[in-house]
Amino acid sequence: VAPVVLVRGQIVATWRHKLKAKRVDVTLTKLKGWANAEAERGATLMEAVQAQANDLAAHLDLPEAAVK
């Protein structure tokens with residue numbers, strides 16, 4: 001699994017995660033295409049990233065995820 005955010009087949013961010021006691025912290029590194037993707041998708045881009053982070057937390061049996 002590659003730790004990337006894809007929008008229309010282009011990598012617009014990479015991410016890493018760190019486990020905490022009751023959550024997983026996901027840190028994004030936004031790349032060149034992020035601004036265009038954000039302009040195109042608006043708030044739904046971060047909502048999609050948060051949804052995937054929540055799925056990761058659930059997979060790890062943690063109650064929440066924080067995206068930074």
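**Exercise 1. Place Leu 62 in the fold, and decide whether it is buried or exposed.**

Let's start with location: Leu 62 sits in the loop between α2 and β4. Those labels come from DSSP runs, with helices (H or I) of at least four residues and strands (E) of at least two, numbered from the N terminus. Before going on, keep in mind that this is a predicted model, where local features need pLDDT of at least 70, side-chain atom pairs count only at pLDDT 80 or more, and totals for chains, interfaces and linings use all residues. Residues are numbered from 1 along each chain as its sequence is written, and side-chain values use heavy atoms, leaving out hydrogens and water.

Next, the burial check. Buried means under 20% relative accessible area, exposed means over 50%, and partly exposed is in between (1.4 Å probe, protein chains only). Leu 62 has a relative accessible area of 16%, so it is buried.

Now look at the surroundings. A contact here means heavy atoms within 4.5 Å. Skipping neighbours within four places in sequence, Leu 62 touches Leu 19, Lys 20, Ala 21, Lys 22, Arg 23, Val 24 and Ala 57. Take Lys 22 from that list: its C-alpha is 5.8 Å from that of Leu 62, although the two are 40 residues apart in sequence.

**Exercise 2. Work out how β1, β2 and β3 pair up.**

Begin with the rule: two strands pair if DSSP finds at least two bridges between them. β1 and β2 pass with four bridges, in the antiparallel sense. Within this pair, Val 7 stands opposite Gln 10, and Leu 6 has Ile 11 as its bridge partner. The two strands make a hairpin with two residues between them, and Arg 8 in the turn has a positive phi of about 55°.

Move on to β2 and β3, which are also antiparallel, over seven bridges. Here Ala 13 faces Lys 30, and three residues make the hairpin connection.

Finish with the side chains of β1. They alternate: Val 5 and Val 7 point to one face and are buried, while Val 4 and Leu 6 point to the other and are not.

**Exercise 3. Find which residues have the most contacts inside the largest nonpolar core.**

First, what counts? A nonpolar core is a set of buried Ala, Val, Leu, Ile, Met, Phe, Trp, Tyr and Cys residues joined through side-chain atoms within 4.5 Å. The largest one has 16 residues, and Val 5, Val 12, Leu 28, Trp 34, Val 49 and Val 67 have the most contacts inside it. Then ask who contributes: β1 (4-7), β2 (10-19), β3 (23-30), α1 (34-41), α2 (43-59) and β4 (64-67) each supply at least two residues. α2 gives the most, with four.

Zoom in on Leu 28. Leaving aside neighbours within four places in sequence, its contacts include Val 5, Trp 34, Val 49 and Val 67.

**Exercise 4. Count the salt bridges and trace what they link.**

The test is a side-chain nitrogen of Lys or Arg within 4 Å of a carboxyl oxygen of Asp or Glu. That gives three salt bridges.

Step one: Glu 40 and Arg 8 meet at 2.5 Å, N to O. Glu 40 belongs to helix α1 and Arg 8 to the loop between β1 and β2, so this pair ties together parts that are 32 residues apart in sequence. Arg 8 is exposed at 71% relative accessible area, while Glu 40 is partly exposed at 47%.

Step two: Arg 23 pairs with Asp 25, their closest N and O atoms being 2.6 Å apart. Asp 25 is buried, at 5%, whereas Arg 23 is partly exposed, at 31%.

Step three: Lys 68 also bridges to Asp 25, with 3.5 Å between the closest N and O atoms. This pair links distant parts of the chain, with Lys 68 in the segment after β4 and Asp 25 in strand β3, 43 residues apart. Lys 68 is exposed, at 57%. Put steps two and three together and you get a network of Arg 23, Asp 25 and Lys 68.
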